[in-house]
Amino acid sequence: MLPLTIPNILTLLRILLVPVIVVALLEETPNADTVAAVVFAFAAFTDGLDGYIARSRNSITTFGKLMDPLADKLLIIAPLISLVSLNRIAPWVAMVIIARELAVTMLRIVAAERGVVIPSSALGKAKTILQVAAIFAVIAFEGSAAVDALLYVAVAVTVISGADYIFGVRRHLEQARRESSARRGRL
């Protein structure tokens, strides 16, 4: 059963807002980009808010651990695909970001299966902030050099943080294996 905590409600709200963003982007109606930008910004805000509330109130749930990262991926991936379909960003930009997000998710699953939890790094948090800012800027301020520069910085940090995560997972898994071997050796 789903525990109805404020963080879980915010996570569900973020998931429900993703189709609203996509429809607003793809509709050719007046102010559709403004609606998409505002809803995207609000949904991104709920990401930080639900984490803050969950940690401060010690209301971290299994549902939240599973669904919050999924909601985050949907919030990034769906607008990227929509923006590619509108020819507002290059397909390779979306693919680099999406590939990194999916690769890191798969590595998190592998690590979790081995009992290893890898916390978010400062670089990973910077990556998220840059991705959100870049997507928001592409939606709200289409076609400027500053928006393009922000998007390319977000791609670069996405790649760097992905590499950092891959090497970090490897180190964490090796450390967990050594600790497990040492515990078995003491028995």
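Which residues, leaving aside neighbours within four places in sequence, is isoleucine 139 in contact with? In this predicted model, the partners of isoleucine 139 are Leu25, Asp33, Ala36, Ala37, Phe40, Leu83 and Arg88, with neighbours within four places in sequence left aside.

Isoleucine 139 also belongs to the largest nonpolar core, which has 35 residues. Leu80 and Ile139 have the most contacts inside this core. Two or more residues come from each of helix H1 (6–26), helix H2 (32–56), helix H3 (62–85), helix H4 (91–113), helix H5 (122–140) and helix H6 (145–186). H5 gives the largest share, seven residues. A second core is separate and has seven residues, including Val104, Val116, Ile118 and Val169.

The secondary structure consists of six helices and zero strands. The order from the N terminus is α-α-α-α-α-α. The C-alpha trace spans about 70 × 35 × 25 Å along its principal axes. Of contacts between residues at least 6 apart in sequence, 75% join residues at least 24 apart.

H1 was examined in turn. This helix has 21 residues and reaches 31 Å from its first C-alpha to its last, close to the expected 30 Å. Its buried residues include Leu10, Arg14, Leu17, Val18, Ile21 and Leu25. An α-helix has 3.6 residues a turn, so residues three or four places apart point the same way. The buried residues of H1 pack against H2, H3 and H5.

Over the whole protein of 187 residues, 40% count as buried. The exposed surface is about 10,800 Å², and carbon and sulfur atoms supply 68% of it. The protein has 18 positive and 14 negative charges, whose mean positions lie 15 Å apart.

Note on methods
Residues are numbered from 1 along each chain as its sequence is written. This is a predicted model: local features need pLDDT of at least 70, side-chain atom pairs count only at pLDDT 80 or more; totals for chains, interfaces and linings use all residues. Side-chain values use heavy atoms; hydrogens and water are left out. A nonpolar core is a set of buried Ala, Val, Leu, Ile, Met, Phe, Trp, Tyr and Cys residues joined through side-chain atoms within 4.5 Å. Buried means under 20% relative accessible area, exposed over 50%, partly exposed in between (1.4 Å probe, protein chains only). Helices (H or I, at least four residues) and strands (E, at least two) are DSSP runs, numbered from the N terminus. Contact means heavy atoms within 4.5 Å. The expected span of a helix is 1.5 Å times one less than its number of residues. Accessible areas come from the Shrake-Rupley method with a 1.4 Å probe; for residues, only the protein chains shown count as cover. Lys and Arg count as positive and Asp and Glu as negative; His and the chain ends are not counted. The place of a charge is taken as NZ of Lys, CZ of Arg, CG of Asp or CD of Glu.
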